[in-house]
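Please open the model in your viewer and keep the selection panel at hand, since the tour moves from the whole chain to single residues.

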Amino acid sequence: MEQQKRAILYHYTDFQALDGILRCAQLRVNNVLNMNDSAEMRHFMNRLCSAIVDRLEQGGRPDQAQQIKLLFQQELRKEYSAFAACFSFHRDDAAQWERYGNRGRGVCIAFRREYLQRIAQGALSLQAVFYRNDMAGHPMVDVFCALTQGGAELSAQDPAVKRALRDAWACSVSFKHPSFSTEYEMRLVVSPFETEHFDVRPCYHITKERIKKYYPLDLRAMCGEIGIGMEDLVTEVMIGPDSTQSVSIFQDYLRDNGLHALAGRVSLSDCPLRGVVN
């Protein structure tokens, strides 16, 4: 039963984004720094640094601990962009509807995890988000402690150190504060270091207040590469608990856009979120 629950990933969104995903077969990976958890990458790096320093100091190596502090201080002056699309293992979840599903007035699109994993090639990866503040047991602690062996001074220009820092930043993309652990999330990620090798041109969404950068993934082409169609990838579309959307009109929309099988997989949320006063 638990394995079956993990087979489907749910993307909560609004109807405009749904049109982009289903009619245009385009999934946006957005800049993590623009998401509501924008500080998590730096939070991860700070906590990782603390865990490395603690281990080195407890091991009687204060000089190496100081080197690590300086190394991370320099690194945290930089700003890296990472891009991601977010999914949850939770189906019809009240918190997901409120945070990401236009306060229950949007939709939830169910994706088959196996196929998302297969289309996540090259610079793309499907990563489980981990939620913890204590980094003492994180494998990157071992990596950095090993770099301090031998007594040589750490240099940010050393290839091994640069690689370790890159790997640490990549891990940070799939980190969130433990208070978000109930979201039970996975992310389709373009790492902050791989965009130069990513064969997708960036696009920009212009609002009255700012410019946002994103990468549009061609789902139809990506599905074609692994021999499936969009209706194999998407298993269900659920209308939100506070939505006024007509089911029959929504099904007409799907059929008129060539998604005949998906029209038979439309469902209504059972979540008791209706009537929330905003």
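Begin with the whole protein in a cartoon view, bearing in mind that this is a predicted model, and colour by secondary structure to bring out its 12 helices and 12 strands. If you align the view with the principal axes, the C-alpha trace spans about 70 × 45 × 40 Å. Now colour by burial: of the 278 residues, 45% count as buried. Switching on the surface shows an exposed area of about 14,200 Å², of which carbon and sulfur atoms supply 46%. A contact map is a useful companion here, for among contacts between residues at least 6 apart in sequence, 81% join residues at least 24 apart.

Next, select the charged side chains, where there are 33 positive and 34 negative charges. If you place a marker at the mean position of each set, the two markers lie 2 Å apart.

Then select strand E11, residues 234-239, and show its side chains. Is this strand mostly covered or mostly open? Six of its six residues are buried, and E11 is thus mostly covered. Keep E11 on display and add strand E4, residues 107-112, which runs antiparallel to E11 and is joined to it by five bridges. To see one of these pairings, pick Phe111, whose bridge partner in E11 is Val234. Now add strand E12, residues 266-268, which runs parallel to E11 and is joined to it by three bridges. Here the pair to pick is Ile239 and Leu268, the latter in E12, which stand opposite each other. While you turn this view, recall that in a regular strand the side chains alternate between the two faces of the sheet.

Finally, select the cysteines and display their sulfur atoms. How many disulfides does the structure hold? The structure holds zero disulfides. Start with Cys49, which is in no disulfide, the nearest cysteine sulfur being that of Cys145, 11 Å away. Cys49 is also buried, with a relative accessible area of 10%. Move on to Cys223 and ask why its sulfur has no bond to the closest cysteine sulfur, in Cys24. The distance between the two sulfur atoms is 15 Å, which is too far for a bond, because a disulfide requires the pair of sulfur atoms to be within 2.5 Å. With the surface switched on again, Cys223 can be checked for cover: its relative accessibility is 1%, and this residue therefore counts as buried, the cut-off being under 20%.

Notes: Residues numbered from 1 in each chain as written. Predicted model: local features only at pLDDT ≥ 70, side-chain atom pairs only at ≥ 80, totals over all residues. Heavy atoms only, no water. Helix = DSSP H or I, 4+ residues; strand = E, 2+ residues; numbered from the N terminus. Buried < 20%, exposed > 50% of the residue type's maximum accessible area, 1.4 Å probe, protein only. Contact = heavy atoms within 4.5 Å. Areas by Shrake-Rupley, 256 points an atom, 1.4 Å probe, with all protein chains shown as cover. Lys, Arg positive; Asp, Glu negative; His and termini not counted. Charge placed at Lys NZ, Arg CZ, Asp CG, Glu CD. Pairing = 2+ DSSP bridges.
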